[in-house]
Structures are given as structure tokens and as C-alpha cells.
Amino acid sequence: MRSNLLIPLFFITLTVVAQTDRAKQLEGRVYSDDGDVAATHVLNLTTQRATITDNNGFFSIPVHIMDTLEFSAIQYKKKIVVVTPSIMASKMITIGLEDALTELDEVTVTPYNLSGDLSRDLTTLTLDPIVTASTLGLPNAYVRIPTKAERELQAATANPIMSFDPLINAITGRTKMLKQRVARNKLYERTQRVRDFFTDEEYVENLGIPLEKIDDFLYYCEVDSRFQEVVDTHDRIALWEYLRQKSILYRKNNSLD
């Protein structure tokens, strides 16, 4: 009788362990106050697997539950995140990075006779004119530089006659993945524009969204098909009314009222 009970328990235990140890391709995005999050290093300290973020801070890395992730860049403090079951179950995580400020006790500004007061020193300095493509009147001055994802997509689909790479990329699904990444980045850029339209205080005080939930709230908005239409109107009044209505639903769904 006892042996008959132990056998099912043994297999249940094996199943739980297998599910816990199952790897997942974790997707996420890092962000900071200055927005410069490209090429942030993401290292899985447990498995020693690593990757870097793209221009918009997105990353993807294989993880197991209880793996330890380290996020680092020259301009930011290192951040350590342990992969909990809730992180493992999430579709995407967001990681905030803090600036790594270095304060100097004393600054020597010789031999240029500078005072250290920027507003005063600028009036005494002779500065060369700024040379850019636009000031030189070059024909490519206002050409938009493609993002990393767009360049990768272009490379994956270029020269279909002279190379088998486009066909291989289409069969393996790489082309589809890159198209989805380009679309996701464009959606993220649109969301960032909305974030910059209003201050954090307006989200917190007028919409009732906690500061740490603002990014999650905007992600909640961007999955709505109406979001793109409202943003593309460039009507801030209409956009604010849309955010106000969505904030009511968001607070209700997340028990924030």
C-alpha cells in the first residue's frame, strides 16, 4: 500500500523539478533617466551566458528559475536581478538603471585661465564653428540613420538573387523575427514619445499611477489597437483623455484604487 503511494509521488516530484529547471528565453528592456541604454551588458552569472541590449534597451537571454542576472554599463551602476517564478512567468520585464555619478573633490582648469563657472568662461573662449553634415549642406544631412534591428533586417533580406541567405533566413524564421523586432521597436519609440509628453507627477497625481508602475501602465496602453491611432493624431488633449480612461481600467485591474 505504502509503495503504491510512493511511486506517484516520485513521478510528481520529477515533473516539478523538470518544470522548475526548464530554460526560457527571457525578454526584457532596460531604461534610465537619460535614455542611453544601448549596448548594456546582460550577463547570466549562473550560466555565464551573456548578451547586450539593442538601441532601445531590448534584450533576450536564456534563463532558469533562480538564475542571477547582472546588468552593467560604464555610465550606470551594476544591477543584480534574481529570476523569480513571477519573472519567469512574465512576457517581458523592465529593468531601471541608475546613473553612476563620480564626484570630484577638486578640478584644476589650467593653463586656459578658466574659472570653473561655465556661464562666465564661455564668454572668454574662442570656439570653432560646429561642423556637421547639415552645416556643410551635404545631401545626406537629414537622412534618417536605420536602427540596428532595421540594418539586420535589411542584411537578412538583401541580394536574394546573388545569395541563398534570404531564403535560409525566411525558412529558419529569422526574417520574421527581425520584422517583429523592428515593429516592436517602432511601437516602443511611440510609447516613449507619450512618456515624454507628460511629467511623472502628472501620471502619479492626476492619473493615480504609482511611479514604479508608469512603464507598466504605458505597456498596458500600447497593446490596445486604439493607442497608435490616438498617438498619431498628435492631439495632446485627446491623448490625455485616452490615458485618463485607460488609467481607470488599469487601476481597477491592478487593485490600485
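1. Among the contacts in the protein chain that join residues at least 6 apart in sequence, 53% are between residues at least 24 apart. This figure, like everything else in this note, comes from a predicted model and should be read as such.

2. As for the chain as a whole, its secondary structure amounts to ten helices and seven strands. Of its 257 residues, 28% count as buried, and the accessible surface comes to about 18,000 Å², with 57% of that area belonging to carbon and sulfur atoms.

3. On the strands, I would draw attention to strand 5 (residues 68-73) and strand 6 (residues 76-82), which pair in the antiparallel sense over five bridges. The two strands form a hairpin with two residues between them, and A73 stands opposite Y76 of strand 6.

4. The aromatic side chains deserve a point of their own, since the structure holds seven aromatic pairs. One of them joins F198 and Y203 in an edge-to-face arrangement, with 6.3 Å from centre to centre and 85 degrees between the planes. The pair counts as edge-to-face because the angle between the planes is over 60 degrees. F198 and Y203 also belong, together with F197 and W240, to one aromatic cluster.

5. Are the two partners of this edge-to-face pair, F198 and Y203, buried or exposed? F198 has a relative accessibility of 10% and therefore counts as buried, the cut-off being under 20%. Y203 is likewise buried, with a relative accessible area of 0%.

6. A charged residue to inspect is K246, which is found in helix 10 (residues 236-253). At 11% relative accessibility K246 falls under the 20% cut-off, so this lysine counts as buried. Which residues is K246 in contact with, once its neighbours within four places in sequence are left aside? The contacts are with F217, Y220, C221 and D224, and a reader who opens the model at K246 may wish to display these four residues alongside helix 10.

7. Turning to the surface, F164, L167, I168 and I171 make a nonpolar patch of about 470 Å². One of these residues, L167, has its place in helix 5 (residues 165-172).

Notes: Residues numbered from 1 in each chain as written. Predicted model: local features only at pLDDT ≥ 70, side-chain atom pairs only at ≥ 80, totals over all residues. Heavy atoms only, no water. Phe/Tyr/Trp six-rings, centres within 6.5 Å; stacked < 30°, edge-to-face > 60°. Buried < 20%, exposed > 50% of the residue type's maximum accessible area, 1.4 Å probe, protein only. Contact = heavy atoms within 4.5 Å. Patch = residues over 30% accessible without salt bridge, like charges linked within 9 Å, V, L, I, M, F, W, Y side chains within 5 Å. Areas by Shrake-Rupley, 256 points an atom, 1.4 Å probe, with all protein chains shown as cover. Salt bridge = Lys/Arg side-chain N within 4 Å of Asp/Glu carboxyl O. Pairing = 2+ DSSP bridges.
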